[in-house]
Amino acid sequence: MAVSPPRDEADLLGRARDLAGCRLGELAARLQVSIPADPRRSKGWAGTLLEIALGATAASKPEPDFQALGIEMKTIPIGRDGRPRESTYVCTVPLINDRACTWQHAPLRRKLERVLWVPLEAAPGIGLPERRVGTALLWRPDAEEEAGLRADWEELMDMVCLGELSKITAHHGTWLQIRPKAADSRARRLGVEASGELVPTLPRGFYLRPVFTERLLRRHYAIAECYS
C-alpha cells in the first residue's frame, strides 16, 4: 500500500503521533505488509514499516528519509524500564575519506540535523506484532548536543584518515561510536592503513550510544509513559 509523502513537518509529526499506541501487527495488516516469521530476521523491519506508514521517500539512499523535508527517522527500541535497549545506527563510515572533509559537510551531520524519533516497545517476551509504537518527537540537536557529536566525529574520523581503523574500539567516543556494519562477516570494503595503502576491511557504521538516546528520552519524555 503506497502512502504519499508528508506535505510539511506538521503533517509528518501529526501522522507519526497518530500512530502512538498502535501495535505493529495492526499497522502491518493495514498496510498489507508481511510480518517476519523468524524473529531473528526481523531487525530493521519495524523501522521499514514505519517509513512506509509515514510516506518516507529515501529508501536506501544516503539521504534523510523524508528527502523534501530534510528529516531522518530513527526508532528507539525501549525496555520496560523506559531505557533504550540498543545503540542506534546512523550511517556508514567513509573508509576512504578526503582529509579536507569537515563536520559541516559530513553525511552524519546531515542525517542528524533534523530527526523524527519514534520509541518502540521492545521488552523481551513481547512478540513483534504486539509491540506498540510510542509518541514521536521531532528533534534538532541543541548547541551542546551538536558540539558533543562533532567532537566524537572528529576524533573518530581522524583515526580513520590516519589508517588507525583497527585501533578503534567500543571505548572511543562519548555519544558516537564506530562498529562493524555488514550483512555477513565476508563483506569487505577498501580502507586505509597507516602506510596509506588500501586494504580490504569490514564495512563500518556510525552508531549513537544508548547513553545519548537515553539522555534524549529523559529530556523530552516522562520515561515510563513514552509508549503508554
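Here is a short tour of this predicted model, from its overall layout down to a few single residues.

Because the model is predicted, local features need pLDDT of at least 70 and side-chain atom pairs count only at pLDDT 80 or more, while totals for chains, interfaces and linings use all residues. Residues are numbered from 1 along each chain as its sequence is written, and side-chain values use heavy atoms, with hydrogens and water left out.

**The layout**

The chain holds six helices and eight strands. These are DSSP runs numbered from the N terminus, with helices being H or I over at least four residues and strands being E over at least two. Along the sequence they come in the pattern α-α-α-β-β-α-β-β-α-β-β-β-β-α. Of the 228 residues, 45% are buried, where buried means under 20% relative accessible area, exposed means over 50% and partly exposed is in between (1.4 Å probe, protein chains only). Now for contacts, meaning heavy atoms within 4.5 Å: among those between residues at least 6 apart in sequence, 67% join residues at least 24 apart.

**The sheet with β3 in the middle**

β1, β3 and β4 form an open, mixed sheet in the order β1-β3-β4. Strands count as paired if DSSP finds at least two bridges between them. β1 (72-78) and β4 (137-139) are the edges, each with a single partner strand, so one side of each has no neighbour in the sheet. From one strand to the next the twist averages 30 degrees. Helix α6 (residues 210-220) packs on this sheet, touching β1, β3 and β4, and its direction makes about 110 degrees with that of β4. Such angles run from 0 to 180 degrees between N-to-C directions, using lines fitted to C-alpha atoms, for helices over the stretch in contact.

P119 lies in strand β3 (residues 115-121) and counts as buried because its relative accessibility is 0%.

**Strand β8 and its partners**

All five of the five residues in strand β8 (residues 204-208) are buried, so β8 is largely enclosed by the rest of the structure. R204, F206 and L208 are on one side, with G205 and Y207 on the other. The table lists some antiparallel pairings.

| Strands | Bridges | One bridge pair |
|---|---|---|
| β2 and β8 | four | T92 and G205 |
| β5 and β8 | five | I178 and F206 |
| β3 and β4 | three | L116 and L138 |

T88 is found in strand β2 (residues 88-92). With 6% relative accessibility, T88 counts as buried. Leaving out residues up to four places away in sequence, T88 touches K74, T75, W117, F206, Y207, L208 and T213.

**Cores and rings**

A nonpolar core here is a set of buried Ala, Val, Leu, Ile, Met, Phe, Trp, Tyr and Cys residues joined through side-chain atoms within 4.5 Å. The largest one has 32 residues, and L108, W117, W153, F206 and L208 have the most contacts inside it. Its largest share, seven residues, comes from helix α5 (residues 143-161). Apart from this core lies another of 25 residues, including L12, L19, L27 and L49.

As for rings, W117, W139, W175 and F212 form one aromatic cluster. Rings of Phe, Tyr and Trp (its six-membered ring) pair if their centres lie within 6.5 Å, and the structure holds five such pairs. Lastly, the charged end of R179 sits over the ring of Y207, 4.1 Å from its centre; that label needs NZ of Lys or CZ of Arg within 6 Å of the ring centre and within 35 degrees of the ring normal.

How values were computed: Rings of Phe, Tyr and Trp (its six-membered ring) pair if their centres lie within 6.5 Å; planes under 30 degrees apart count as stacked, over 60 as edge-to-face and the rest as tilted.
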